[in-house]
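Hello,

Here is the structure I promised to pass on. Please have it open while you read the notes below it.

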Amino acid sequence: MGKLFGTDGVRGVANVYPMNVEMAIKLGRAASHIFKKARPGRHKVIIGKDTRLSGYMLESALMSGICSMGVDVLLVGPLPTPAIAFMIKNLRADAGVVISASHNPYQDNGIKFFSSEGYKLPDEIEDQMESLIFSDDIDSIRPTAEEVGKAYRIDDAEGRYVSYIKTSFPKEYDLSGMKIVIDCANGAAYKAAPLVMQELGADIVVLNNQPDGCNINKDCGSLYPDIIKKAVLDHGADIGISLDGDADRVVFSDEKGNEVNGDPVMVFSAIDMKRRGVLRADTLVTTVMSNLGLELALKKQGIRIIRTQVGDRYVAEEMIRGGYNLGGEQSGHILFMDYNTTGDGILSALQVLSVMKRTGKPLSELASVMTVLPQILMNVRVREKKELESLPAVSKAIHSAEQRLKDQGRVLVRYSGTENKARVMIEGPDSDSIREMAESIVGEIEKAMGVIK
């Protein structure tokens with residue numbers, strides 16, 4: 001049995017296994033079988049997508065698979081991933097599906113599932129789905145006549161989401177007098193993000209909001225922060241907001257054209273929430289990728305951090321377990337759990353803007369609360385993901401770096417959950433030395449694992 005699910009659903013090149021029509025039908029059938037067992041009666045699943053050309057093909061296949069199991073489908077079209085999480089609860093659906101490869105190029109696509117509570121599925125449910133798909137245990141289940149599922153199109157989904165997300169912004173403030181640049185990445189938020197900011201009174205400059213099916217994330221969005229930084233300076237804006245293709249993550253530019261990623265946003269948000277008495281258990285949940293400077297800054301404020309493995313769904317699972325309400329990743333997936341159940345770029349932007357309004361401070365000053373330790377991240381494309389512990393030379397290079405740094409830094413080597421890449425991250429007091437250590441580890445990985453140049 002092959003492994004279908006990575007850290008964020010099933011992902012790959014569209015129309016190539018496993019991201020093909022045949023697998024989409026099977027995923028729809030398997031998911032429907034599992035969700036139907038949760039309660040009796042008629043069931044419904046929401047399907048949303050981003051702006052990729054292949055979304056039409058995969059949407060039709062998923063819809064067919066779900067309907068073939070006697071489950072109705074609610075089609076909402078291109079919407080941010082977090083909007084689907086919200087709509088599941090809003091429409092009281094049994095589950096939701098998002099067709100998106102997030103920040104990946106347009107030729108890729110992905111399928112990720114959400115529960116009836118709006119959370120990404122845990123590993124054990126995904127394992128059940130894989131087992132059903134590869135065993136053909138449900139192949140004989142074929143409802144007929146009136147038991148076959150129907151498909152409906154929901155025309156007002158975007159409006160519902162926009163109306164709801166605005167309620168997360170304090171009623172006593174608006175955005176009048178603020179100039180905001182928004183990079184929509186030609187993705188799922190190309191309508192919703194500008195609409196939210198405009199309706200709250202901001203003077204907006206919108207970039208990359210003309211999707212054509214092939215330009216999502218193309219030299220734009222959160223993976224290309226220089227675009228938003230330049231635009232902020234060119235337009236004299238107060239802030240730049242750069243989303244990814246499905247708008248579940250966000251990277252900012254301050255008014256001086258400096259990039260602000262998820263780490264400082266989590267720090268000043270946590271401090272603000274603690275000051276207002278709303279940070280549950282005075283705790284922030286983040287991943288092993290967050291900079292050590294985040295930990296040091298929060299420790300001074302009496303705020304505890306809990307680290308998880310990489311992936312916003314693991315952050316969410318820990319938040320649910322402990323009852324925490326703030327968490328996220330350095331990459332810009334930030335979870336304000338009081339308002340939504342997954343990373344939400346537009347929501348995160350509104351929370352940043354609300355702190356700016358409350359404190360009267362520009363983003364550059366808010367972000368300065370955290371001193372970033374020198375950090376280097378290097379990616380290596382590999383042919384296969386061998387166990388790192390089974391590669392003596394790689395293990396030796398990692399151990400050597402850890403010994404040199406001791407308690408002055410961190411070494412993290414892992415595989416990407418969505419691509420065939422090894423990621424090497426090192427933090428320490430000196431940029432030159434951590435680069436040397438990272439290059440040494442990368443060199444050993446390249447020797448050991450058949451690198452794709």
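What follows covers the sheet, then a helix lying on it, then a helix pair.

One point first: this is a predicted model.

The sheet. It is open and has seven strands. Their order is β1-β2-β6-β5-β3-β4-β7, and the pairing is mixed. Which strands stand at the edges? They are β1 (5–6) and β7 (151–153). Each has a single partner strand, so one side of each is left without a neighbour in the sheet.

Further in, look at β5 (residues 95–99) and β6 (residues 108–114). These two strands pair in the antiparallel sense, over four bridges. Val97 stands opposite Phe113 of β6.

The helix on the sheet. Helix α3 spans residues 81–90. It lies across four strands: β3 (44–49), β4 (72–78), β5 and β6. Relative to β5, α3 runs at about 165 degrees.

The helix pair. Helix α5 (residues 157–166) packs with helix α11 (residues 345–359). The angle is about 25 degrees, and the axes are 10 Å apart. Angles under 35 degrees count as roughly parallel, and α5 and α11 are therefore roughly parallel to each other. The crossing of α5 past α11 is right-handed.

Which residues meet there? From α5 come Tyr161, Ile165 and Lys166. From α11 come Ile346, Leu347 and Leu350. By class, this contact of α5 with α11 has five nonpolar residues, one charged residue and no polar ones.

Best wishes

How values were computed. Residues numbered from 1 in each chain as written. Predicted model: local features only at pLDDT ≥ 70, side-chain atom pairs only at ≥ 80, totals over all residues. Heavy atoms only, no water. Axes fitted to C-alpha atoms, helices over the stretch in contact; angles between N-to-C directions. Parallel < 35°, antiparallel > 145°, perpendicular 65-115°, else oblique. Left-handed = near helix turned anticlockwise from the far one by under 90°. Contact = heavy atoms within 4.5 Å. Nonpolar A, V, L, I, M, F, W, Y, C, P; charged D, E, K, R; others polar. Pairing = 2+ DSSP bridges.
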